[in-house]
Amino acid sequence: FLESGLSGVDAKEQWAQSSDELVREATVAEVFDNLIVSRFYRGLLLGVLVRMIDAELEHARSETLAAMLEEATAMRDTWLAKLEADLDYRVIPIKKLVAVQLGAALHTALHLKQERAVDRTA
C-alpha cells in the first residue's frame with residue numbers, strides 16, 4: 001500500500017507538471033475535493049491504521065506497538081482537528097436539503113416519463 005502510494009505521488013506530480021488540462025482555473029468543486037475531501041479520506045486511512053495497531057496490541061503486547069499507537073492516534077487527532085478548523089461551510093437546514101433532493105427526484109421522474117413517451121411514438 002505504501003509503495004503504490006509513493007509511486008502514485010510521483011505519477012501525479014509528473015501529470016500535474018505536464019498536463020495541458022490544468023491550465024484552466026479550478027472549479028469550486030475541484031478546490032473542495034482537493035483541499036477538503038482528499039484530506040478527509042487521508043484521515044480515514046489514519047483511523048484504519050490506529051484501529052489496526054490497536055487490534056494487533058490486543059494479541060501481542062509490545063512497547064513498540066504501544067508507542068506507534070500513541071503516535072498514530074496523536075497524528076490522526078491533529079490531522080482531523082486541522083481539517084475541521086479549515087472547513088468553511090454553513091449548515092443547511094434539513095428541510096431545505098430534502099426539498100432540493102425531492103425536487104431533483106421529481107424532475108428526473110418527469111424527464112424519464114417524457115423520454116418514454118417519445119420512445120413510444122417513435
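**Close-up views of a predicted model**

**View 1. Arg39 sits in helix H2.** The model shown here and in the other views is predicted. Helix H2 covers residues 28–59. Is Arg39 buried or exposed? Its relative accessibility is 17%, so Arg39 counts as buried; the cut-off for buried is under 20%. Which residues does Arg39 touch, leaving out those up to four places away in sequence? They are Trp79, Lys82, Leu83 and Asp86. One of these, Leu83, is itself buried in helix H3.

**View 2. Helix H3 runs from residue 63 to residue 86.** What span should its 24 residues have? At 1.5 Å a residue, the expected span is 34 Å. The C-alpha atoms at the two ends of H3 are 35 Å apart, so the model agrees with the expected value. Five residues of H3 to find in this view are Leu65, Ala66, Leu69, Ala72 and Leu83, which are buried. Helix H2 is among the elements that cover the buried residues of H3. Here is a general point to keep in mind. An α-helix has 3.6 residues a turn, so residues three or four places apart point the same way.

**View 3. Ser62 caps the N-terminal end of H3.** Look for a side-chain oxygen of Ser62. Which atom lies 3.2 Å from this oxygen? The partner is the backbone nitrogen of Thr64.

**View 4. Helices H2 and H3 pack against each other.** The angle between them is about 160 degrees. Their axes lie 9 Å apart. How are the two helices oriented to each other? Angles over 145 degrees count as roughly antiparallel, so H2 and H3 are roughly antiparallel. The crossing of H2 past H3 is left-handed.

**View 5. Ser19 lies in the loop between helices H1 and H2.** Helix H1 spans residues 2–18. Ser19 has 15% relative accessibility, so Ser19 counts as buried. Where does the side chain of Ser19 reach? It comes to 3.3 Å from the backbone nitrogen of Glu21.

**View 6. Glu13 belongs to helix H1.** Its relative accessibility is 44%, so Glu13 counts as partly exposed. Now compare sequence and space. Glu13 and Asn34 are 21 residues apart in sequence. Their C-alpha atoms are 14 Å apart in space.

**View 7. Lys95 and Arg120 both lie in helix H4.** Helix H4 takes in residues 94–121. Are these two residues buried or exposed? Lys95 is exposed, with a relative accessible area of 72%. Arg120 counts as exposed too, at 69% relative accessibility. How far is Lys95 from Lys113, 18 residues apart along the chain? Their C-alpha atoms are separated by 27 Å. Arg120 and Glu56 are 64 residues apart in sequence. From C-alpha to C-alpha, Arg120 and Glu56 are 62 Å apart in space.

Technical notes:
Residues numbered from 1 in each chain as written. Predicted model: local features only at pLDDT ≥ 70, side-chain atom pairs only at ≥ 80, totals over all residues. Heavy atoms only, no water. Helix = DSSP H or I, 4+ residues; strand = E, 2+ residues; numbered from the N terminus. Expected span 1.5 Å × (residues − 1). Buried < 20%, exposed > 50% of the residue type's maximum accessible area, 1.4 Å probe, protein only. Contact = heavy atoms within 4.5 Å. Polar contact = N/O pair within 3.5 Å; in protein donor to acceptor, adjacent residues only side chain to side chain. Axes fitted to C-alpha atoms, helices over the stretch in contact; angles between N-to-C directions. Parallel < 35°, antiparallel > 145°, perpendicular 65-115°, else oblique. Left-handed = near helix turned anticlockwise from the far one by under 90°.
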